[in-house]
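These are my notebook entries on a structure I looked through today. I went from overall composition to single contacts, and I wrote down what I found at each step.

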Amino acid sequence: MTWSPICRIVSDAVHVLDAIVGFDPRDSEATKKAEKFIPEGGYKQFLKVDGLKGKRHGILRHQFFGYDKGSISNKTFEKHFETMR
């Protein structure tokens with residue numbers, strides 16, 4: 001199972017994306033231009049069960065966020081980093 005920051009799993013995020021993309025008459029200038037980049041058939045077609053198998057992730061850690069090493073933010077980040085590892 002692959003985790004994502006907004007939804008529980010990547011496929012949840014793809015389903016949300018498919019639901020929210022497209023033309024919005026209240027933001028017609030931006031969405032009309034962006035509409036041409038939405039793949040025909042949506043994004044669900046690109047989901048693969050083992051799409052990340054064999055892939056490597058790079059994580060910027062050292063002083064990227066500008067917090068102290070002993071801060072709660074750093075401890076939380078390290079905890080989540082270890083979970084991913």
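Before reading any accessibility value I fixed my terms: a residue is buried under 20% relative accessible area, exposed over 50%, and partly exposed in between. By that rule Lys44, at 40% relative accessibility, counts as partly exposed. I also noted at the start that the model is predicted.

Entry on the overall make-up. I looked up the secondary structure and found three helices and zero strands, which read along the sequence as the pattern α-α-α. Of the 85 residues in the protein, 14% are buried. The accessible surface comes to about 7700 Å², and 57% of that surface belongs to carbon and sulfur atoms. For the contacts with a separation of 6 or more, I noted that 33% are between residues 24 or more positions apart.

Entry on salt bridges. How many salt bridges does a search of the whole structure find? The search gives three, and I went through them one at a time.

I began with Asp18, which forms a salt bridge with Lys44, where the closest N and O atoms are 4.0 Å apart. Asp18 lies in helix 1 and Lys44 in the loop between helix 2 (28-34) and helix 3, so this pair ties together parts that are 26 residues apart in sequence. I then asked whether Asp18 is buried or exposed. Its relative accessible area is 17%, and because that is under 20%, I entered Asp18 as buried. Leaving aside the neighbours of Asp18 within four places in sequence, I found this residue in contact with Gly42, Tyr43 and Lys44, so the salt-bridge partner Lys44 appears in that list of contacts too.

Next I took Arg26 and Asp24, whose salt bridge has its closest N and O atoms 3.6 Å apart. Arg26 counts as exposed at 76% relative accessibility, whereas Asp24 is partly exposed, with a relative accessible area of 25%.

The remaining entry under this heading is the salt bridge in which the side chains of Glu35 and Lys32 meet, at 3.7 Å from N to O. Here Glu35 counts as partly exposed at 31% relative accessibility, while Lys32, at 54%, counts as exposed.

Entry on aromatic rings. I searched for aromatic pairs and the structure holds one. The pair is formed by Phe77 and Phe81, and I recorded it as stacked, with 6.4 Å centre to centre and 10 degrees between the planes. Why does the pair count as stacked? The planes are 10 degrees apart, and planes under 30 degrees apart count as stacked. Both Phe77 and Phe81 lie in helix 3 (residues 72-84), four residues apart, which is about one turn of the helix. I also checked their accessibility, and both Phe77 and Phe81 are buried.

Entry on the surface. Which residues make the nonpolar surface patch of about 260 Å²? I found that Val16, Leu17 and Ile20 make it. I followed up on Val16, which has its place in helix 1 (residues 10-20) and is partly exposed, with a relative accessible area of 41%. Since residues of a patch need over 30% relative accessible area, the 41% of Val16 meets that requirement. I closed the entry by noting that Asp18, the buried residue from the salt-bridge entry, also has its place in helix 1.

How values were computed:
Residues are numbered from 1 along each chain as its sequence is written. This is a predicted model: local features need pLDDT of at least 70, side-chain atom pairs count only at pLDDT 80 or more; totals for chains, interfaces and linings use all residues. Side-chain values use heavy atoms; hydrogens and water are left out. Patches are made of residues with over 30% relative accessible area and no salt bridge: like charges are joined within 9 Å, nonpolar side chains (Val, Leu, Ile, Met, Phe, Trp, Tyr) within 5 Å. Accessible areas come from the Shrake-Rupley method with a 1.4 Å probe; for residues, only the protein chains shown count as cover. Helices (H or I, at least four residues) and strands (E, at least two) are DSSP runs, numbered from the N terminus. Buried means under 20% relative accessible area, exposed over 50%, partly exposed in between (1.4 Å probe, protein chains only). Rings of Phe, Tyr and Trp (its six-membered ring) pair if their centres lie within 6.5 Å; planes under 30 degrees apart count as stacked, over 60 as edge-to-face and the rest as tilted. Contact means heavy atoms within 4.5 Å.
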